[in-house]
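Here are some worked exercises to try with the model open beside you. Take each task in turn, have a go, and then follow the solution step by step.

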Amino acid sequence: MNQFQSIREGYEQIGHEQYYQEYGSNYKNPHEDKIKQALLMGLAKWKPKLIKVLDLACGSGEITLILKSLGVKNIVAIDPYTMEAFKKRTGEECLPISFEQIADGQIGDHEYSLIICSYAMHLADDSLLPGLCMQLAMISKHMIILSPHKRPVIKWGWNQVDEIIKDKTHARFYTSTYL
């Protein structure tokens with residue numbers, strides 16, 4: 001495992017980027033049950049199309065596995081740090097694309113029916129959020145952000161439609177202002 005009592009302690013001691021560079025291959029989100037409950041509630045309420053879903057900052061695959069259990073076939077997962085953990089858990093590959101690369105326009109010209117980002121976007125530097133959000137808004141009509149708190153505040157390229165809070169997990173549903 002690693003030298004820290006918790007992921008939060010790792011973030012505090014060495015920062016989230018360094019934490020995932022060092023320990024990403026063995027990452028597993030300790031809040032997976034809460035994430036699953038909040039996501040399933042949101043999907044039932046919001047009914048987004050699950051035609052082609054981007055699992056943004058996919059971690060060890062918790063969102064991908066939930067979507068597969070719902071019969072979703074076309075899932076693209078990206079994460080620059082947890083590719084090995086994702087593959088171990090899901091048997092699938094994920095693309096090593098970072099928030100910085102997305103903000104820089106390197107996401108490509110793909111289009112997704114939904115983007116889901118679980119317990120990750122709140123870690124993005126505030127200066128990165130405008131570019132990141134605008135680029136994402138150009139490739140999907142809908143986005144769900146799962147977060148342990150109110151951050152991040154999304155206002156570039158997206159309108160927040162609704163929010164569900166389940167066991168301190170915030171699930172927010174957004175529509176793109178571009179598509």
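**Exercise 1. Find how many aromatic pairs there are, and classify what you find.**

Step 1. Rings of Phe, Tyr and Trp (its six-membered ring) pair if their centres lie within 6.5 Å; planes under 30 degrees apart count as stacked, over 60 as edge-to-face and the rest as tilted. By this rule there is one aromatic pair.

Step 2. The ring centres of Trp46 and Phe173 are 5.1 Å apart and their planes meet at 10°, so this pair is stacked.

Step 3. Now place the partners: Trp46 belongs to helix α3 (residues 32-46) and Phe173 to strand β6 (residues 169-176), so the pair links parts of the chain 127 residues apart. Helices (H or I, at least four residues) and strands (E, at least two) are DSSP runs, numbered from the N terminus.

Step 4. Trp46 and Phe173 are both buried, where buried means under 20% relative accessible area, exposed over 50%, and partly exposed in between (1.4 Å probe, protein chains only).

A word on the ground rules: this is a predicted model, in which local features need pLDDT of at least 70 and side-chain atom pairs count only at pLDDT 80 or more, while totals for chains, interfaces and linings use all residues. Residues are numbered from 1 along each chain as its sequence is written, and side-chain values use heavy atoms, with hydrogens and water left out.

**Exercise 2. Work out the strand order of the sheet, and see what packs on it.**

Step 1. Two strands pair if DSSP finds at least two bridges between them. The six strands make an open sheet with mixed pairing, in the order β2-β1-β3-β4-β6-β5.

Step 2. At the edges are β2 (75-78) and β5 (158-166), each pairing on one side only.

Step 3. From one strand to the next, the twist averages 15°.

Step 4. Helix α3 packs on this sheet and touches β3 (114-118), β4 (142-147), β5 and β6; contact means heavy atoms within 4.5 Å. The direction of α3 makes about 130° with that of β5. Axes are lines fitted to C-alpha atoms, for helices over the stretch in contact, and angles run from 0 to 180 degrees between N-to-C directions.

**Exercise 3. Look at β1: are its faces covered or open?**

Step 1. Strand β1 (residues 53-56) pairs with β2 in the parallel sense over four bridges. Leu54 stands opposite Val76, and Leu56 opposite Ile78.

Step 2. In a regular strand the side chains alternate between the two faces of the sheet.

Step 3. Val53 and Asp55 on one side, and Leu54 and Leu56 on the other, are all buried, and both faces of β1 are covered.

**Exercise 4. Why do Cys58 and Cys94 form no bond?**

Step 1. A disulfide is a pair of cysteine sulfur atoms within 2.5 Å.

Step 2. The closest cysteine sulfur to that of Cys58 is in Cys94, 3.8 Å away, which is too far for a bond.

Step 3. Searching the whole structure gives zero disulfides. Cys58 is buried at 1% relative accessible area, and Cys94 is buried at 7%.

**Exercise 5. Which residues in the loop between β5 and β6 have a positive phi?**

Step 1. In this loop, Asp167 has a positive phi of about 50° although it is not a glycine. Asp167 is partly exposed, at 42% relative accessibility.

Step 2. Lys168, in the loop between β5 and β6, has a phi near 70°. Lys168 is exposed, with a relative accessible area of 67%.
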